[in-house]
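Welcome, and take a moment to turn the model around on your screen before reading on. The report below walks through it step by step.

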Amino acid sequence: MSIRLEQLVERLGGQLKGDANIEVLGIAPLDAAGSTHITFLSNPKFRAQADQTQAAALILSEADDAQVQNYAGARIVVARNAYAYFARAAQLFQAQSEVVASPGIHASAVVDATATVAADAVIGPHVVIEAGAVIGARARIDAGSFIGRNARVGEETHFHARATLHHGCEIGARGIVHSGAVIGADGLGFANEAGQWIKIPQVGRVMIADDVEIGANTTIDRGALADTVIEEGVKLDNQIQIAHNCHIGAHTAIAACAGIAGSARIGKYCSIGGAAMIHGHITIVDKVHVSAGTLALRSILEPGQYTGFYPITEHRDWEKSAALVRNLGTMREKIRALEKTLKALTQEQAAQPPFSENQEENE
Amino acid sequence: MSIRLEQLVERLGGQLKGDANIEVLGIAPLDAAGSTHITFLSNPKFRAQADQTQAAALILSEADDAQVQNYAGARIVVARNAYAYFARAAQLFQAQSEVVASPGIHASAVVDATATVAADAVIGPHVVIEAGAVIGARARIDAGSFIGRNARVGEETHFHARATLHHGCEIGARGIVHSGAVIGADGLGFANEAGQWIKIPQVGRVMIADDVEIGANTTIDRGALADTVIEEGVKLDNQIQIAHNCHIGAHTAIAACAGIAGSARIGKYCSIGGAAMIHGHITIVDKVHVSAGTLALRSILEPGQYTGFYPITEHRDWEKSAALVRNLGTMREKIRALEKTLKALTQEQAAQPPFSENQEENE
Amino acid sequence: MSIRLEQLVERLGGQLKGDANIEVLGIAPLDAAGSTHITFLSNPKFRAQADQTQAAALILSEADDAQVQNYAGARIVVARNAYAYFARAAQLFQAQSEVVASPGIHASAVVDATATVAADAVIGPHVVIEAGAVIGARARIDAGSFIGRNARVGEETHFHARATLHHGCEIGARGIVHSGAVIGADGLGFANEAGQWIKIPQVGRVMIADDVEIGANTTIDRGALADTVIEEGVKLDNQIQIAHNCHIGAHTAIAACAGIAGSARIGKYCSIGGAAMIHGHITIVDKVHVSAGTLALRSILEPGQYTGFYPITEHRDWEKSAALVRNLGTMREKIRALEKTLKALTQEQAAQPPFSENQEENE
């Protein structure tokens, strides 16, 4: 349950300064770290805090190393990307403390005889795995989760308690699916006939690549005819809705409560802010950031940050500004009227010879 | 696993042109359909694609039939509503390929002795059905779902894995409840007493009529004293919240992530866009469309489309426009000041006899 | 299944007028109450209804008592806070009709040998309780719920069917957790390295105090390093997302579909409207009300009501107003140009002696 600094740099790289034999028991933020912790500086604005930290060791970048001069611990790991280094170090500590589940299928799980479960997979209590499903090596399906007919779960992928993967859907290796997530429910597909809705069977799948994380109570609908696709490395927070036939590009991250409507196509390396909404059938190119609370109504074809939400104010001020927003047309008309009157006036003025000239004429 | 065109029109109607004996194996979009598929044209703007499709047969409307002249397949089903026809045809294909679950109660299900389960219903593994509940003919309750005390599930209604129907609540025939949906949890009902919240027991029910579909992780709260009501044919997408004592009119469709606050009353044949929010205690009449991302604060008493969300722009532009929105009051003041100054000026001008007149006077 | 008015005031206080021996069978609103019900008047605007109610008895405030003169039932309970009194009375009626579950662990539940379950707790079918977890006295864990390793559930706390409390997380006494809620899933914590996301293990907990209610399908993420904290008396509606390391102050109520981003700190006695979004790392002081549909981007340091959402209008009008909102910069420029022109004009006028003066000069 401890790591020597020497071991740390052996595993994760970085340049070590100071006593390599010191053992650290865990990782903590600059201000909370004590003499048994390693800490990290990932934002230059906290350099003063780094100078004061009580931590046994400090991870920072080369640039910050040159500026942090007074850190008493004097054991420093210089990393190319201090924040990513912190993440990997934290993973090492977590691996040490993690309770490793024993491989095998819990007696209360219901696994169809035609399902294929790797011998070293862990299947928890009350799990249901239907006919033809395939569970990869070292995968872990926690209590109460449901894996539908012919669905596939890749190696080392982890379903937390009470998650759902519907029939025919697939997720690759090293995925994480949090509790309550539902992958492969029907999309909202109906034809309207005289006011009534005729259901369009949703026969596509959800195809999820490797290294994808899916947050708690997030829903990803199966495709209508073709598939819904989530590329590798995508990270989805909680309570996100991804509708049928969406395509989410690799390494895109989406924050909680966002909604992606049907057949929207989002590029790679995008980020979508919390509660943002992406309209159906639009395209967002790579490296677009949509801010929180923003509704993207039309395609976004240039990288950049895009925003659109009403600024918050005291309620009374909002009431006034909202009334004015509704009446912007009137405001524009008034401006036009002013422009017209003023133009007429200045033309009249111009048409009238200035008084002094008239004076001359009078003379 | 195939349907002859002749069978199709026998079942679904429509006027068939060309070889009635051709068998089709499935349905596909215009551009993806091959020689074993039937396809459909539901939007005139794709007529050129219809002319080029490789499909074995083509469903279209009379109007489109007159315009699509070059379709090589030459087997055509003319339908009154091509999209609804497609939906019904797709249902036929799906029925052929569907795995039919065997009636009966899975050994791992826990069904109270006082519950009534139709002999031809299908009760999956780890399902819990409490005392007094009634499960109708051919209903299907999938793995891990929960049906509370005295709840009722109508004929042919299908609960997907891990859905919940709480005590006393009812759903009619041919309903579909997707995974993670929670019907009949308590509404947010509290009385405030000196800053603390006293719980108001939620003793109403959720009453859901026939042919209702409820999306994954959608929540419908039970009424406080009276019931929450969902009329027939309503279609609810994923992650919708319907608060206590709402009333949703027949054949209304609500897109994902929408929220309907307590005691709101929505009419029939409405559509509510994704992430739209309907305030509590308001009334929305029949045939209203609330756009995505829109908050309806007051009752809507005329049919039509209603919208209100901040337009998305590049972030820098938004910052400017948002600052101006906050200061619309100032802008209005400036316009008023301009109007006043200009009025004073034009009155002054009017008060002054025009120069030419003065000239005359001078003479 | 009935309560005498005398018993009611013995239990809940208040001043009783009229026959104390009358028994009431339940509680109902003013307009629905019949001769076996007690009803309540909590809003003066319904005084006329109170005069007409058929109820056997009426709860109201002293001020309303002075105004409601014609109520025929003539049995009145005068309460300091009529609405809170109603809530407590409704609790009494509910307690009478509630089906009391028998203490003990259902045979189908999977409870680790090292977990501690109070003898009078109720553990439902298919529940899973992992190693080291502690379930307090008279707690109730309903069907299909999951309590993770070393998690703790306080006395009389009730998990409805299919709720989740992850490892190490704690909830205090008298809590209510509704179906589908997920407490303690990982927050969205990643370090970006060359476009890819490196997971930061989420090793904090969720610490929930006493008397907290958590709505259906609500998610509360565990802290990254430190804990996520929910203080006593907080009431959370359905489908709320509370991200890692948030801190929600005592007696704050949050309506459905709201989202609180990471490390946000919300004060005591606040209310957050439905679908409101609170940005990460901001502070909201005590007694702040954020309106529904509002995004709080920056800290709010003064109590009050704050609002920001786009007003709804007919779609055509919105299209115009949205176009103008995008072009507010142009509007401002036009106003500036007008101001400039007008200023120049008025200065020119001022520079010119008025005509009458010129006349004089001419003379």
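To compare copies of a chain, they are superposed by least squares on the C-alpha atoms of residues with pLDDT of at least 70 in both. Please keep in mind that this is a predicted model.

**How the copies are arranged**

Chain A is superposed on chain B by a rotation of 120 degrees, with 0.1 Å of shift along the axis and an RMSD of 0.1 Å. The two copies are therefore related as by a three-fold rotation axis. If you would like to find that axis from chain A, look for Tyr310(A): its C-alpha is the nearest to the axis in this chain, at 3.4 Å.

**Chain A along its length**

Chain A is divided into three parts: domain 1 covers 3–97, domain 2 covers 104–306 and domain 3 covers 318–362. How far apart are the centres of domain 1 of chain A and domain 3 of chain A? Taken over C-alpha atoms, the centres of these two domains are separated by 66 Å.

**Where chain A meets its partners**

Chain A touches both chain B and chain C, and the table sets out the two contact sides.

| Side of chain A | Residues of chain A in contact | Residues of the partner in contact | Classes on the side of chain A | Residues from H6(A) |
|---|---|---|---|---|
| touching chain C | 62 residues | 62 residues of chain C | 32 nonpolar, 22 polar, eight charged | nine residues |
| touching chain B | 63 residues | 63 residues of chain B | 31 nonpolar, 24 polar, eight charged | seven residues |

On the side that touches chain C, helix H4 (82–97), strand E40 (313–314), helix H5 (315–326) and helix H6 (328–351) of chain A each supply at least two residues. The largest share of that side comes from H6(A). H6(A) also gives the largest share of the side of chain A that touches chain B.

Strands pair across these boundaries too. Towards chain C, E40(A) pairs with strand E39 (residues 304–307) of chain C in the antiparallel sense, over two bridges. Here Thr313(A) has Thr307(C) as its bridge partner in E39(C). Towards chain B, strand E39 (residues 304–307) of chain A runs antiparallel to strand E40 (residues 313–314) of chain B, and two bridges join them. In this pairing, Tyr306(A) stands opposite Glu314(B).

**A residue with a UniProt label**

The UniProt record, an unreviewed entry, places the feature "active site" at His244(A). You can find His244(A) in the loop between strand E29 (241–242) and strand E30 (247–248) of chain A. Is His244(A) buried or exposed? His244(A) is buried, because 26 other C-beta atoms lie within 10 Å, and 20 or more are needed to count as buried. Apart from its neighbours within four places in sequence, His244(A) is in contact with several residues, including Gly187(A), Gln202(A), Asp221(A), Arg222(A) and Gly262(A).

**A glycine in chain B**

Now move to chain B, where Gly249(B) lies in the loop between strand E30 (247–248) and strand E31 (253–254). Gly249(B) counts as buried because it has 21 C-beta neighbours inside 10 Å. Not counting residues up to four places away in sequence, Gly249(B) touches Glu231(B), Ile266(B), Gly267(B), Lys268(B), Cys270(B) and Asp286(B). Ala121(B) makes a useful second landmark: Gly249(B) and Ala121(B) are 128 residues apart in sequence, and 29 Å apart in space from C-alpha to C-alpha.

Notes
Residues numbered from 1 in each chain as written. Chains lettered and ligands numbered in written order. Predicted model: local features only at pLDDT ≥ 70, side-chain atom pairs only at ≥ 80, totals over all residues. Contact = placed C-beta atoms within 7 Å. Helix = DSSP H or I, 4+ residues; strand = E, 2+ residues; numbered from the N terminus. Nonpolar A, V, L, I, M, F, W, Y, C, P; charged D, E, K, R; others polar. Pairing = 2+ DSSP bridges. Buried ≥ 20, exposed ≤ 12 C-beta atoms within 10 Å, placed from the backbone. UniProt positions renumbered as here; feature names shortened; annotations may be inferred. Domains from an automatic or database assignment.
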